[in-house]
Amino acid sequence: MKLDCKHVWEHISEYIDGSVDAKLREDIERHLEHCEICSAILDSTRNILILTADDRTFELPVGYSERLHERLARELENPGGDLKKK
Amino acid sequence: MRTTETNEAGLIARIVAGEKELFHELIRPYERMVYLTLFAIVKNESEAEDGAQEAVISAYRHLASFRGDAKFSTWLVTIAINEGRKRLRKAKTAAEESIEEKEEAHEGDYSPAPLTDWREIPLEALERKELREALRVAVRDLPDIYRQVFTLRDLEELNVEETAQALGINPGAVKVRLHRARMMLQKRLVPYLKTTAPARRLFFGRAL
């Protein structure tokens, strides 16, 4: 089946996740071979996901881990102690 | 992966049996996940950090009830989500919540934005700070239901089933929300991508 661009866009997310069936995958790939617009959309979306998964993009507050383990240490030592203080 | 889970099961058993100090070790690989989950819900750094601490303490207190039929990570992320929702409820009125629920029924335009010359953009462009910042802002601005699914799937890399389980929605809804979230981000970030590579083909240039 020949796919139009809009059809490809609808499945782009599942295509990236590898969850489209073999037939649809083949149709999408055939479309991508000649469609520059869809190829660019696919590449840009993929790159956004790479950037998202990069730890430097979404950083944790400085000192988060230390504070978390300090709090945890207090809880291990004195269960519910923080609650009582409040 | 399997070894991680086996080690984890062993760790959990020892903690429950009394070696409670080991909980530090158990939680360490998931600290980031817990924070990001909270942040996706409350959208505020200090509130997310407080919530992350509460979620971790709560996981410690309830560890004996962890049955191992779900993965520890999924169990933990569920606790984090509940903590986030609890905090949100405190801050939000019931009226605002019902607006949020309607969002999914909204028939919006979730198509991506066409762009050309993306292939010409070198991978180094992804290193640019402003692109990261633009992505952070774009994710923060996503409607809540989309941001939460996107965070669990694409930031924390949970699979569809785990995400559905943690959020209490069906896998179909996870896929739909994820697709829309990704397309909204793609559309939003196109201007940042465009500036790095001027369109050379006028025909496509117009389509932008």
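**Reading a two-chain helical model**

Me: What distance separates the C-alpha centres of domain 1 and domain 2 of chain A?

Reply: The two centres lie 45 Å apart. Domain bounds are taken from an automatic or database domain assignment, and here chain A is divided into residues 1–54 (domain 1) and 60–86 (domain 2). The model is predicted: local features need pLDDT of at least 70, side-chain atom pairs count only at pLDDT 80 or more, and totals for chains, interfaces and linings use all residues. Residue numbers start from 1 along each chain as its sequence is written, while chains are lettered from A and ligands numbered from 1 in the order in which they are written.

Me: What radius of gyration does chain A have, and what would a compact globule of 86 residues have?

Reply: The radius is taken over C-alpha atoms, and the globule rule is 2.2 Å times the number of residues to the power 0.38. For a compact globule of 86 residues the value would be near 12 Å, but chain A has 24 Å. Along the principal axes, the C-alpha atoms of chain A fill a box of roughly 65 × 25 × 20 Å.

Me: How many helices and strands are there in chain A?

Reply: Both are DSSP runs numbered from the N terminus, helices being H or I with at least four residues and strands E with at least two. Chain A has five helices and zero strands, so its pattern along the sequence reads α-α-α-α-α. Chain B has 11 helices and zero strands.

Me: What share of each chain counts as buried?

Reply: Burial is a count of other C-beta atoms, placed from the backbone, within 10 Å of a residue's own: 20 or more is buried, 12 or fewer exposed, and in between partly exposed. In chain A, 21% of the 86 residues are buried; in chain B, 34% of the 208 residues are.

Me: Which residues of helix H8 of chain B are buried?

Reply: H8(B) spans residues 144–155, and 10 of its 12 residues are buried, so this helix is largely enclosed by the rest of the structure. Among the buried residues are Tyr146(B), Val149(B), Phe150(B) and Leu152(B), as well as Arg147(B), Arg153(B) and Asp154(B).

Me: What phi does Glu157(B) take just after H8(B)?

Reply: Most residues other than glycine have a negative phi. Glu157(B) has a positive phi near 60°. Glu157(B) sits in the loop between H8 and helix H9 (160–167) of chain B and counts as partly exposed, with 13 C-beta neighbours inside 10 Å. Lys43(B) also has a positive phi, near 55°. Lys43(B) belongs to the loop between H3 and helix H4 (45–61) of chain B, and is partly exposed with 15 other C-beta atoms within 10 Å.

Me: How many residues does each chain give to the contact between chain A and chain B?

Reply: Two residues are in contact if their C-beta atoms, placed from the backbone, lie within 7 Å. Chain A gives 31 residues and chain B gives 38. Helices H1 (5–16), H3 and H4 (64–77) of chain A are the elements that each supply two or more residues to the chain A side. The largest share of that side, 14 residues, comes from H3(A). For residue class, Ala, Val, Leu, Ile, Met, Phe, Trp, Tyr, Cys and Pro count as nonpolar, Asp, Glu, Lys and Arg as charged, and the others, Gly among them, as polar. The chain A side then has 17 nonpolar, eight polar and six charged residues.

Me: At what angle do H3 of chain A and H7 of chain B pack?

Reply: Axes are lines fitted to C-alpha atoms, for helices over the stretch in contact, and angles between N-to-C directions run from 0 to 180 degrees. H3(A), residues 36–53, and H7(B), residues 129–141, pack at about 90° with axes 11 Å apart. That makes the two helices roughly perpendicular, a label for 65 to 115 degrees; under 35 is roughly parallel, over 145 roughly antiparallel and the rest oblique. Ile48(A), Leu51(A) and Thr52(A) meet Leu131(B), Arg132(B) and Leu135(B). By class, this contact has four nonpolar, one polar and one charged residues.

Me: Which domains does the assignment give for chain B?

Reply: Domain 1 covers 2–92 and domain 2 covers 107–207. Their contact takes 12 residues from domain 1 and 12 from domain 2. On the domain 1 side, helices H3 (31–42) and H5 (72–91) of chain B each supply at least two residues, and H3(B) gives the most, five.
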